[in-house]
Amino acid sequence: MSQKIILFFSSILLLGCTHAVEYTVTNKAGTTPGGLRFTDQIGIDYSKQTLNSATSFIWRIFQQNTYASRKNVPSVTLIIENMGGVAYAVNGEIHVSANYIQGYSGNVKREITGVLYHEMTHIWQWNGNGQAPGGLIEGIADYVRLKAGYAPSHWVGPGKGDRWDQGYDVTARFLDYCNSQRNGFVAEFNKMMRNGYNANFFVVLTGKTVEQLWREYKATYNS
């Protein structure tokens, strides 16, 4: 009997390991100022821990409690390199600018942590097979960063912005409002985008068009 129990739990552990995500961090910026600042103030070990923590947090935000509900991403590689911009994610890789790390004035460790939560969201989120508005996709990534507690001080406040799909912090604040109107809104919306995108998803989830929600959102904070 004891041997059967051991085999049973061994099978469970093996199954869990099969679904584990492997994280790799490479600092290609080397001895450049940005590369050195990454090594001194952020580091490879902390970056790996952050990638792992971000993944777990995103799965909770998206309510992806089973392997079948998630993307099949066996590994994620973080690359620090000299490039323009801040960061981008593609094909299981996250590229972060060493130039940005070098020039950032403030707590660079906290800033890059927030950037990694944003980019890791792109790794895991559904994008409507490329049909969803880019502003919505970026807004969801910043929504995750917001809920994780890494929103930078320069972000706009609630109720600001010109369009619901303006993207990034503007759309993140709007999605936070939508989620307050229907708990789990962002998770359900992400799930619906697994196979496509339709603006009617807003109606299905809230009974209101996105234009109605945007007007009510603006009125709530600008009255």
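Which residues in helix 6 meet which residues in helix 7? In this predicted model, the helix 6 side of the contact is made up of G135, L136, E138, G139, I140, D142, Y143, L146 and K147. Facing them from helix 7 are Y168, D169, T171, A172, R173, L175, D176 and N179. Sorted by class, the residues of this contact are seven nonpolar, four polar and six charged.

Now for the geometry. Helix 6 spans residues 134-148 and helix 7 spans residues 168-181. Their axes are 7 Å apart and the packing angle is about 70 degrees. Angles of 65 to 115 degrees count as roughly perpendicular, so that is the description that fits helix 6 and helix 7.

One charged pair deserves a closer look here. D176 and K147 form a salt bridge through their side chains, at 3.1 Å from N to O. Because D176 belongs to helix 7 and K147 to helix 6, this pair ties together parts that are 29 residues apart in sequence.

The structure holds five salt bridges in total; three of them, including the one just described, are set out here with the relative accessible area of each partner.

| Acidic partner | Basic partner | N to O distance |
|---|---|---|
| D176, 25% | K147, 38% | 3.1 Å |
| D165, 23% | R163, 45% | 3.3 Å |
| E188, 26% | R182, 31% | 2.8 Å |

How exposed are these side chains? D176 counts as partly exposed, and K147 does too. D165 is partly exposed, as is R163. E188 is partly exposed, and R182 is likewise partly exposed.

Methods
Residues numbered from 1 in each chain as written. Predicted model: local features only at pLDDT ≥ 70, side-chain atom pairs only at ≥ 80, totals over all residues. Heavy atoms only, no water. Axes fitted to C-alpha atoms, helices over the stretch in contact; angles between N-to-C directions. Helix = DSSP H or I, 4+ residues; strand = E, 2+ residues; numbered from the N terminus. Parallel < 35°, antiparallel > 145°, perpendicular 65-115°, else oblique. Contact = heavy atoms within 4.5 Å. Nonpolar A, V, L, I, M, F, W, Y, C, P; charged D, E, K, R; others polar. Salt bridge = Lys/Arg side-chain N within 4 Å of Asp/Glu carboxyl O. Buried < 20%, exposed > 50% of the residue type's maximum accessible area, 1.4 Å probe, protein only.
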